[in-house]
Amino acid sequence: MTIDMQVFKQFAEQIPHLGERAQPPQMADHKRVSAAKETFVRKLDARMAVDLESCIHCGHCASACHFYVGTEDPKYVPIRKLDLLKRVYRRELSPLRWLHRLYTDDITLKELQEWQELVYDSCTECGRCSMVCPMGINIAGMVNVMRQGMARAGMMPAELMAMEQEQGVHDSLFGVGPEQMKGAIMQLQQSGLDIPLDKHDADILVTTSVIDIMLFTDGLIATAKILNHLGLNWTLRSDGYEAANFGLLSGCERVQKIASERIVLAARACGAKTVLIPECGHAYPSMRWEAANEHGGKLPFEVLAISEFLGREVKAGRLKLNPMGREKKITYHDPCKLARHSGAIEEPRWVLDALGVDFREVESNKELNWCCGGGAGVFLINSASELRQKAFEIKMGQVEKTGADSVVTACGSCRLNFMNGSMRSGWDKGIESLVEIVAEALPVQQSSEPAKQTTAS
Amino acid sequence: MTDDKTLGERLRERGVSRRGFMKFCAATASMMALPTSMIPRVAAALEQARRPSVIWLSFQECTGCTESLTRSHAPTIEGLIFDHISLDYHHTLQAASGDAAEHAREAAMKQNHGEYLLVVDGSIPLKDDGIYSTIAGITNLAMLKDVAAGAAAIISVGTCAAYGGLPKANPNPTGAASVSEIIDDKPIVNVPGCPPIPTVITGVLAHFLTFGRLPELDALNRPKVFFGQTIHDRCYRRPFYERGKFAETFDDKGAREGWCLFKLGCKGPTTYNACATAKWNEGTSFPIEAGHGCIGCSEPGFWDKGGFYEALSKGTYGSAEGIALAAGAGVAIGAAAAMGSRARQAQADRKEEK
Amino acid sequence: MTLLDFARGPALEWSLMIMVAGSLWRLVGAFMVRRTADLSEPRSHSTVAGGLRTVFTRMWPRKEFRSETLFGVVAGYAMHIGLAIVVFLFTPHILFIDSLLGVSWPGVSNDFVMFAGAITVAAMVALLIRRLTTPLLKAISGADDYISWAVTMLPVLTGMMAYAHIGGPYQTVLAVHILTVELMFIWFPFGKLFHAVLWIPSRAQLGAAMQRRGVKA
Amino acid sequence: MNRLDAIPIQVEDVGLPHRTENLQPLMQQVEQALHELVEHGAETVIDLSSMPFSEQDEKDLRARLGAGEVNASVMAFGPTLVQESAFPGVWLVEHQNAEQRRLTLQLVVARVPEILMTPPDDLPDSLAALRRANAESFDTPGKDVR
């Protein structure tokens, strides 16, 4: 209902050719190894040091990992994915390094190549393993450091490299840059929707993503309707609209900073107090948790995920919704990056509650949810498609057990992965976006709020 | 001096009947901890036993060992056995003194060369050529070597002779040594204890009398029959140990009720001796029964093994300074390691900036 | 100097010094690795409480993980509780600790301690077999795992042997027992046994970090 | 201070008797020994002094064994007390020295403990002594026979 499967298919057909656009750097082998190593050395900190000192090799992390559980291949045991980082730590930074060096080998290019699959294809940095680890080791965070090392060695998967390079150099994704974005918005404006573009003075800076522009336009439309309905002073800005951060996903620190700084500057330019992140999982932690550190100081605005924003509005009573009825059986898929990584857990549930649906939790939910298998860029990695599917089947089973007719989520990649997975498995559950169902449930005319008149459908 | 009467004849002379002799043999076998089935053999051997010549040398000692032996009142088995031997030299017990005493020793050595039994109590000072203890101007060391040369066997009575004992305790000012540290070409039996149990001394003598040879020995040359098990093994308080019931002080309920004295420093678990079964003062009691833990007096170096009232499981090291020093060193190395790792990270940062 | 004297004297002193020095070396060295402040706006400020909570809540897996981790948790607990009973409730051990630290408490009966020791051995054997036969554990196991297992197992075994009076003269077995404990002391800071110290900070820092983001870890 | 009762010593009742838990295995050993005596006529002597055995154990033992018909004492090199138990063939033999201190305590499983039997070597001496005595008392052997 909210997405044209034909458009999705066209998009999906692009993915296999995504890597062809990548321009892998030319580097000597030893340079690659040393680039990875130096990055590990730079990025390791005291917390990681304690974590790396702590592992007791109990293997419990495997039972939390969708890639291990889906394949039962010992190479996917989460903590093993950190082996190279651990070895560099042991040789270079560990307090016992003088001893460790006696029996710990240096990392090699061959190993880096082998580990590429382990830190990209078979890890969505979902962080579920940290929830079972008896020592509380933050594995996902260190997988990200592994990715950063790989990135510096020019060894990321071609698909992510292509995206990262495009975002860094052209400020575009899938060929959608500021101009294309403006074009798309103008089209929407012409259809009667009020979308303030490039305002100089706004309370809320709304960001979006190429996926919403190309594919899930309804998500952007829904956001606009809701904000207008609430009568808020908001804007989209062509100098800082892209929430997706392929620097973060690929491990490229430089592009990560470029991408998040664009939003920071845009928010500054319009004096926004709030930056609203669309339904895009990793974009939230990218702005909410990482951006300030890249920026080098506290951000002058609050960062809210759209699901979080909606929940708060509902809770505060500012947003009233038409009940959808108990006959609608719904379950919610917590995007890892929003729930486990960022604590936006209860807010979407408040919204679903307000919608009055027959809401059913999956067995392992909230901060313990199973990842859909497509996060952290894995959805775009072609070589990961089989793995992804096996991981997705776990999620599918969880949803099946609830007896819900459709699954609502608040992350575009999760949705893409669900759609892709259900297409492959011939699954019949509906896959819906939280913001879109909220937009559908908006009461027709709320109050006589001035100025922003909504031309809802 | 020696006469040719057998032990049987000697006893008969004293009016001991055949029944009495049988009883004596049963008691002797019991004393030697032999199985009761050995009694007839013991009887047959003792009946024929000749009177051996014994030379007793006392060196750096306190006479406690001799006291222990002579505390037994006649006519005890110990007394009878002791009476039977020909004690040709023992400077505490013999009537002769001065030159006469030394002549008696020399005569016995000559007459019984290669056959006499040498009993030693006390340790031998080695430092400064052994001048710290002399008898008739002869150093203990010289006398031991001289007398040992013609002995059939040597019995080291008491912990001093067996292991050096108190004179050897830290700082061992006289350079005291045990017999076996000096003599290595003769069979030596150690009967340690401070003092040793009299029945154990006479048991060894009886064994020598009965069988003409020394009893079976353990790795420390102690007779296995008496030193085969620890005090703890045979202690009547052992069940309390197993149940975890311990006296905490010498006057608490546990002490009154006879609970285990382990916590009060009892060395029973590491002390091999027969106190718990042979007991003292003619079988009356032994230290643990009297309410005091074993101090391990029959073990080598017992004086230097930590306090008598320190539980056995405690360490004997005494330096909190060592630990403090180690802690300081640990922090220092750790901090240095961290400084090094920070420098390493800073270097990586600089490379990245380039 | 007999073996027992050596074990109770210089070997004890040196092994304790190595343990203390090594532990602080590792702890200080790891904690003082560069640390950068997180400039993002926390969702929750009660990170200390969050850290503390995780230290405790991680003692038992949440129900979502229970069935998969059951064996490891049960065997692990059996081994740890058994070991704790043996180490901390056997009277001679209490006296040993008393002599080191000057604190003591009442012990329990030896039969119970032996029972706990047997449970410990059984659990450790089961855990070792699992480590040797499960592909996922083999993939992440190394020398440290087996050394740490052995230096934990040896004191338990030799202790039980000393108690049961088997394997030689009591003081020799006791000396060997004490020496194996000292071997464990020495290995402690350098292998994974060090988790006995690190479990608190490593759990706490995850709990605190997640609390900061508004998640109960 | 030469009077012992001037020393203020107070004897406390310690209450709990010591038991070594050796009684049960001992009784089983006795049973086996009696079986051997019945089947093969083999005698057994158990030396109670060579095993951990407390006073209370001995009391328990005596209570278990009870007292039989024979209660004898032998005066040889000090007294020896022989007590048959309520189980014929099981005897307690206590050897004491002249000062009535115990040398050993034996549990004898036999028809008669050896100590009660006349030593065979004493018999010729005994016969000779009796003849001598008779000769001294009665000048003509057989004269008195009526």
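## A tour of the chains

Start with chains A and D. No contact joins them, and their closest C-alpha atoms lie 47 Å apart. Keep in mind throughout that this is a predicted model.

Now select chains C and D. No contact joins this pair either, with the closest C-alpha atoms 16 Å apart.

**Chains A and C**

Hide chain D and show A with C. Of the 4 pairs of chains that touch, this one has the most contacts. Colour the two sides: 50 residues of chain C are in contact with 47 residues of chain A. On the chain C side, pick out α2 (10-31), α4 (63-89), α7 (135-140) and α10, each of which supplies at least two residues. Which helix gives the most to this side of chain C? That is α10(C), with 10 residues. The chain C side as a whole divides into 22 nonpolar, 12 polar and 16 charged residues.

**One helix pair up close**

Select residues 46-54 of chain A, helix α3, and residues 195-212 of chain C, helix α10. They pack at an angle of about 140°, and their axes are 9 Å apart. The angle makes α3(A) oblique to α10(C). The crossing of α3(A) past α10(C) is left-handed.

Show side chains next. From α3(A), take R47(A), V50(A), D51(A), E53(A) and S54(A). They meet H195(C), L198(C), P201(C), S202(C) and Q205(C) of α10(C). By class, this contact has 3 nonpolar, 4 polar and 3 charged residues.

**Chains B and C**

Swap chain A for chain B. Here 33 residues of chain B are in contact with 37 residues of chain C. Select 320-353 of chain B: this is helix α16, which gives the most to the chain B side, with 15 residues. That side has 15 nonpolar, 12 polar and 6 charged residues.

**The sheet in chain B**

Stay on chain B and show strands. An open sheet of 5 strands runs in the order β2-β1-β3-β7-β9, with parallel pairing. At the edges stand β2 (86-90) and β9 (188-191) of chain B; each has a single partner strand, so one side of each is left without a neighbour in the sheet. From one strand to the next, the twist averages 20°.

Zoom in on β7 (residues 151-157) of chain B. It runs parallel to β9(B), joined by 4 bridges. Click S156(B): its bridge partner in β9(B) is N190(B).

Finish with two helices. Helix α7 (residues 140-149) of chain B lies across β1 (53-58), β3 (116-121) and β7, at about 165° to β1(B). Helix α11 (residues 198-211) of chain B lies across β3, β7 and β9, at about 155° to β9(B).

Note on methods
Residues numbered from 1 in each chain as written. Chains lettered and ligands numbered in written order. Predicted model: local features only at pLDDT ≥ 70, side-chain atom pairs only at ≥ 80, totals over all residues. Axes fitted to C-alpha atoms, helices over the stretch in contact; angles between N-to-C directions. Parallel < 35°, antiparallel > 145°, perpendicular 65-115°, else oblique. Left-handed = near helix turned anticlockwise from the far one by under 90°. Contact = placed C-beta atoms within 7 Å. Nonpolar A, V, L, I, M, F, W, Y, C, P; charged D, E, K, R; others polar. Pairing = 2+ DSSP bridges.
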